[in-house]
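Open the model in your viewer and keep the selection tool at hand. This tour tells you what to pick next and what is there.

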Amino acid sequence: MAAIKKIVIVMDATNNTTDFHWSALEVQMRAYAHEAHVPIIVDEGLALLEQIIRIQRPSKILEIGTAIGFSAIRMHQVCNSQIYTIERNQDMICLAKKNIQASGFAAQIHLIEQDALEAFDSVKNKKFDLIFIDAAKAQYTKFFEIYTPLLTNRGIVITDNMSFHGLLDPKEYENQSRSVKGLIRKLLSYRKFLLDHDNYDTTIFEIGDGIAVSVKKDEYANHK
Ligand code: SAH
Ligand code: MG
């Protein structure tokens, strides 16, 4: 099957995506995600993620939360990084396998079929330049703590859905169910955890659904 051609996203000054050139596979994946309500990364967030990859040129990327393989394929295409991506849901695994195969990048995108809370042993022998956290929001702090020991010096952790579809607005809180309130509190505590972390400099961009960029401090620099 044909590999995906180069994909270009042009952003205008208001950050609206204005022009797309998508391969047939990408059109298919986007349509499926839309129909089946699979929360693939939104275009503005993806554009930021891809620019960071272009700047950093990571040789290995760890993704937590593959879903149908959309972001894994896009991240690989930026600069041929090896992608290790973890997914626990059987239906998603099945679709991701098909899509990764169809993309032509099955040798570079490694799907780990496990719960990310239990998958450390599957990747512990590797070092990652970039970790993309995009799975269950209640577990973000745990994912960060489990996998950042595998980050290279000055590695980067990117976390998606930091805005939780606008639900972090205090005005929204009282209208939510107990379980959503629980998630909101977990996400707020993850935000604080990142911003207060001694070993990382974090900026949270209100782009897409909110993207946190956490850069590991240089171990050799003199930080207070
Ligand atoms: N990164 C994808 C979207 C991921 S959606 C993209 O942008 O294209 C989140 C996915 O994380 C879902 O498929 C869900 O099944 C998976 N997930 C949630 N918690 C997980 C966990 N603990 N371990 C592995 N996968 C998990
Ligand atoms: Mg996401």
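**Start at the ligand**

Select Asp115 and ligand 1: a polar side-chain atom of Asp115 lies 3.0 Å from a nitrogen atom of the ligand. A polar contact here is a pair of N or O atoms within 3.5 Å; within protein, one must be able to donate a hydrogen and the other to accept it, and residues adjacent in sequence count only if both atoms are side-chain atoms.

This is a predicted model, where local features need pLDDT of at least 70, side-chain atom pairs count only at pLDDT 80 or more, and totals for chains, interfaces and linings use all residues. Residues are numbered from 1 along each chain as its sequence is written, chains are lettered from A and ligands numbered from 1 in the order in which they are written, and side-chain values use heavy atoms, with hydrogens and water left out.

Add Asp134. An N or O atom in its side chain is 2.7 Å from a nitrogen atom of ligand 1. Now add Glu63, where the side chain has an N or O atom 3.4 Å from a nitrogen atom of ligand 1. How much of the accessible area of ligand 1 does the protein cover? It covers 92% of the 590 Å² that ligand 1 has on its own (Shrake-Rupley method, 1.4 Å probe; for residues, only the protein chains shown count as cover).

**Widen to the shell**

Select everything around ligand 1. You should get 21 residues, and the closest are Ile41, Gly65, Glu87, Ala116 and Asp134. A residue counts as near if one of its heavy atoms lies within 4 Å. Color the shell by type: 11 residues are nonpolar, 5 polar and 5 charged. Ala, Val, Leu, Ile, Met, Phe, Trp, Tyr, Cys and Pro count as nonpolar, Asp, Glu, Lys and Arg as charged, and the others, Gly among them, as polar.

Two elements give two or more residues to this shell: α3 (70–79) and β4 (82–87). Helices (H or I, at least four residues) and strands (E, at least two) are DSSP runs, numbered from the N terminus.

**Step along β4**

Pick Thr85 in strand β4. Its side chain makes a polar contact with the side chain of Glu63, at 2.6 Å. Is Thr85 buried or exposed? Thr85 is buried, because its relative accessibility is 0%. Buried means under 20% relative accessible area, exposed over 50%, and partly exposed in between (1.4 Å probe, protein chains only).

Move to Ser81, in the loop between α3 and β4. Ser81 is buried too, at 1% relative accessibility. Its side chain reaches the backbone oxygen of Pro58 at 2.7 Å.

**Compare two pairs**

Select Ala67, in the loop between β3 (60–64) and α3. Ala67 counts as buried at 18%. Measure C-alpha to C-alpha from Ala67 to Ile93: 7.1 Å in space, 26 residues apart in sequence.

Then select Ile55 in helix α2 (residues 43–56). Ile55 is exposed, with a relative accessible area of 72%. Ile55 and Cys79 are 24 residues apart in sequence, and 9.9 Å apart C-alpha to C-alpha.

**Finish in a loop**

Go to the loop between β7 (151–159) and α7 (170–173), where you will find Asn161. Its phi is near 60°, a positive value in a residue other than glycine. Asn161 is buried at 10% relative accessibility.

Last, select Phe164, also in the loop between β7 and α7. Phe164 has a positive phi of about 50° although it is not a glycine. Phe164 is buried, with a relative accessible area of 6%.
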